[in-house]
Amino acid sequence: MGNTDGSDWLRLVVGLVIVLAFSQLNALFLVWLERKVAGHIQLRPGPKEVGPFGILQTIIDGIKLVGKELITPATTDRKLFPIAPVLVFMPVLVGFLVLPFSPELIIRDMNVGLLLIFAFSTFSVLAILTGGWASNNKYALLGAVRSVAQNVAYEIPLLLAVMSVVLMVNSLQFSQIVEAQSRVWFIFLQPVAGIIFLICATAETNRAPFDIPEAESELVAGFHTEYSGMRFGLFFLAEYTNMFIVSAVATSLFFGGWNGPFGFSLGIPGIIWFLLKTYFLIFVIMWVRWTFPRLRFDQLMNFSWKVMIPLSLANLMVTAIVVKLV
Amino acid sequence: MAEQFKEPVVDRVYTLNLGPQHPSTHGVLRVLLDLDGEFIVKADPVIGYGHRGHEKMGENRTYKQFLPNASRMDYLSGLLYNHGFVLAVEKLAGIEVPERARYIRTVCAELNRISSHLLWFGTYVMDLGGFTPFLYAFDDRENILDILDRVSGSRLTYSYCRFGGVCNDVDAQFVDMTRAFVKRLRSRFPDYDNLVTKNVIFIHRTRGVGVITAEQAREFGVTGPNLRACGIPYDMRRIEPYEIYDRFDFEVPIGSNGDALDRYHVRLQEMEQSCRIIEQALDKMPGGPFWNEAAAFKVRPPKGEIYFGFESARGQTGYYLVSDGSQCPYRCHIRVPSYGNLHVLTEVLRGTMVADAISILGSIDVVIPEIDR
Amino acid sequence: MATRDVMAEKLRSVLGDNAVCVDDKYGAGVFVAATAPAARLLEVLGLFKETGFYLETMTALDFQDTQEIVYHLNCYEPLSRMSVRVLVEHGAAAPTASGVFTAANWLEREVREFHGIQFDGHPDPRNLLLPEDADYHPLKKDFGKVHAYRTREEIYG
């Protein structure tokens with residue numbers, strides 16, 4: 001008992017350190033990727049100067065951001081204002097603990113892994129509301145309120161889509177869900193659920209076309225208007241890390257996780273497959289951002305309540321019937 | 001104790017300041033919005049942040065000295081304003097203009113109109129959240145700016161049209177570049193269609209949004225594409241033909257509903273019609289002199305006045321010049337289309353949502369500096 | 001019969017033949033130039049409104065002996081612009097047209113702040129372009145740099 005406990009704790013600590021390092025590197029990489037993708041879609045090259053292909057650009061920008069003054073407006077809530085960025089970032093980190101990078105590389109293969117991720121992602125809603133309220137700024141409050149409504153509305157179809165997969169596997173444990181896809185990926189068995197998940201994931205991470213809460217052209221910067229320096233950097237980091245988490249979850253649930261196509265690993269280790277698929281999904285999310293204009297807020301809400309939820313409910317029903325019959 | 005709770009504790013309506021510094025107000029516009037949740041109860045535009053006193057300058061400068069001022073009022077259709085002012089003074093003073101100059105001025109004016117509409121297109125879709133068409137539109141617009149830069153020396157504010165003609169002649173390369181540009185723009189229209197016009201999200205953001213009825217348009221003096229989207233075919237190039245527009249075959253696109261989507265379609269089609277005018281003008285351009293410089297040496301119009309109205313990119317612009325026989329105008333009043341276009345928003349914005357306000361503001365295509373003068 | 005001819009007839013009947021000048025050749029950019037006394041201004045503008053005209057612009061001219069407000073109206077048919085001129089003494093007020101054409105609301109605010117002509121009954125007499133606390137009238141000929149200050153006779157004689 002003592003031995004397993006000790007190695008468990010060690011595993012946890014080492015895992016946390018790796019997660020922290022990985023999330024920073026990942027965020028750096030994603031910011032660079034976003035700027036390159038945006039650039040090429042817009043007929044321009046994106047960052048080129050700093051480092052080969054502009055790779056070091058994000059590091060330099062990060063250094064600049066850290067060096068900026070943390071301006072706290074006088075009328076903000078003294079206690080809540082600095083806490084909000086931290087509140088946004090912490091739950092996202094926890095999600096890394098259960099992601100199935102490969103059969104051996106799961107920090108904690110909990111039997112409620114999926115539940116953990118979604119429970120903690122709901123935390124970020126609270127954090128956004130805190131940030132918007134503490135800013136004492138009408139624009140920020142509008143952005144925060146919209147964000148909360150949007151997040152709540154799109155979590156329901158998200159979870160319903162996930163439930164369809166869980167119904168098929170009978171488990172909330174990530175390693176079991178991925179192992180169940182060793183022959184056929186669930187995207188082929190549950191295409192509707194997959195698409196619903198991707199759409200809702202885009203909405204959960206406040207990405208375009210669902211980026212009303214931070215709509216630059218309408219609300220200046222939405223709920224993080226009043227934040228400067230590294231506090232703003234934390235919001236930013238949290239968004240990109242969140243994007244990674246939802247893509248990783250989508251990969252695990254629908255695209256086979258660490259499995260190669262149709263079970264052929266082609267000699268490539270599982271973690272490489274996992275990362276490849278995750279980053280491809282992230283690329284698709286970015287692609288969508290730079291292509292479409294954004295939805296108006298009531299259209300966004302209508303879309304969720306009147307289209308997404310009935311669709312995911314119907315999908316769940318059909319899945320339940322099929323599972324019962326088969 | 002019960003008394004103090006009879007009064008409403010919170011006032012439902014709050015004021016939001018769509019401030020002068022805002023990514024979407026085109027120029028320095030401030031709109032004081034009274035909001036009830038997301039809905040606008042009252043919209044009060046506050047303008048004047050860009051007032052530079054052009055009309056006062058008009059009274060203290062000679063007609064020639066006022067030429068640069070004209071472009072700077074609406075800098076996006078600078079050449080059209082420059083053109084209009086020159087035409088107004090030529091009519092007042094009776095200055096003859098050679099044929100070649102007329103064709104050159106028409107080509108350049110239509111190029112300017114296209115560049116203004118391209119910029120509007122890019123910024124409008126950007127306001128709605130689609131960042132990419134902005135760069136495509138600016139890429140096309142660079143071609144126009146290069147062409148006009150070659151002949152006039154400026155990229156944005158032109159004094160190319162002078163009294164009696166234009167100050168530089170155009171050469172064969174200008175004609176080639178313009179034809180190449182028209183061809184390229186025509187090949188881009190399907191791209192814009194696929195990316196924006198047929199995009200479901202875009203259509204949802206613009207259909208039925210910001211409807212201006214024909215009665216409202218008449219009440220507020222709305223002109224230009226906004227009026228044409230309501231179904232009224234009022235284009236100064238047809239109503240009061242000036243220069244040589246009566247020689248060209250072009251259509252005046254109109255809409256039917258007066259909503260943002262119709263305004264969008266009208267402007268896109270206008271770009272196509274401008275391409276047609278440019279092609280016809282290039283085909284028919286005669287040789288000969290390009291500037292009647294001698295006649296315009298001393299511009300001293302006889303006593304009297306003139307109101308000259310022409311079609312700029314935003315609507316009908318008018319120069320009202322009162323001459324006292326000297327070298328300076330006695331009164332130089334400019335009627336700007338964005339005046340009425342912005343004014344109508346006080347009624348149109350009532351009852352809409354804040355996100356729609358941005359869409360409507362963008363679709364109206366106001367340039368605040370021309371209101372401020 | 002074109003709307004402009006209809007309007008010209010109406011103007012003649014209301015203001016008399018002397019005050020209405022028709023220019024077929026559109027030399028000054030207007031088809032009809034009419035002069036109206038301030039008392040009948042609203043009646044005349046009302047006629048324009050019901051005949052389908054819109055208020056294009058409104059401006060004022062400053063002379064040594066008087067001030068003059070010029071309204072330009074137009075309809076959606078070719079070559080139909082009309083101008084209505086009203087003479088207003090220095091310091092006198094004119095009736096507001098914002099009840100007839102809503103466009104006059106802002107136009108009169110601008111004329112008031114630049115020329116100092118007050119409009120009786122205007123619902124919102126704030127400054128439009130100038131700062132709220134501006135108490136000067138820039139376009140008057142006794143403000144700032146002025147090239148010429150003439151009487152009305154000298155120009156329109």
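Trainee: Which strands of chain B does helix α3 lie across, and at about what angle does α3 run to β6(B)?
Mentor: Keep in mind that this is a predicted model. Helix α3 of chain B covers residues 78–93. It lies across β6 and β7 of chain B, and its angle to β6(B) is about 150 degrees.

Trainee: What is the strand order in the open sheet with β6, and which strands are its edges?
Mentor: The open sheet in chain B has three strands with antiparallel pairing, in the order β6-β7-β8. An edge strand here pairs on one side only. That description fits residues 304–312 and 329–335 of chain B, which are β6 and β8.

Trainee: And by how many degrees are neighbouring strands of this sheet turned against each other on average?
Mentor: We're still in the sheet ordered β6-β7-β8 of chain B. Ignoring direction, the average turn between its neighbouring strands is 15 degrees.

Trainee: How many bridges join β7 to β8(B), and what is the bridge partner of B:Leu321?
Mentor: Strand β7 of chain B spans residues 315–323 and runs antiparallel to β8(B). Six bridges join the two. For B:Leu321, the partner sits in β8(B), and that residue is B:Cys332.

Trainee: Which element gives the largest share of the side of chain B that touches chain C?
Mentor: In this contact, 37 residues of chain B meet 30 residues of chain C. Several elements of chain B each supply at least two residues, including α1 (54–60), α8 (214–220) and β7. By class, that side of chain B has 13 nonpolar, twelve polar and twelve charged residues. The largest share is six residues, and it comes from β6(B).

Trainee: Over to chain A: how many helices and how many strands has it?
Mentor: Reading from the N terminus on, each element in the run of chain A is an α. The count for chain A is zero strands and twelve helices.

Trainee: Why does the radius of gyration of chain A agree with a compact globule?
Mentor: Chain A has 326 residues, and a compact globule with that many would have a radius of gyration near 20 Å. Buried residues make up 47% of the chain. Its C-alpha atoms fill a box of roughly 60 × 50 × 45 Å along the principal axes. The radius agrees because the value for chain A is 20 Å.

Trainee: Which helices of chain A each supply at least two residues of the side that touches chain B?
Mentor: The contact takes 21 residues from chain A and 25 from chain B. On the chain A side, ten are nonpolar, four polar and seven charged. The helices you're after cover 216–219 and 297–325 of chain A, namely α9 and α12.

Note on methods:
Residues numbered from 1 in each chain as written. Chains lettered and ligands numbered in written order. Predicted model: local features only at pLDDT ≥ 70, side-chain atom pairs only at ≥ 80, totals over all residues. Pairing = 2+ DSSP bridges. Helix = DSSP H or I, 4+ residues; strand = E, 2+ residues; numbered from the N terminus. Axes fitted to C-alpha atoms, helices over the stretch in contact; angles between N-to-C directions. Contact = placed C-beta atoms within 7 Å. Rg over C-alpha atoms; globule rule 2.2 N^0.38 Å. Buried ≥ 20, exposed ≤ 12 C-beta atoms within 10 Å, placed from the backbone. Nonpolar A, V, L, I, M, F, W, Y, C, P; charged D, E, K, R; others polar.
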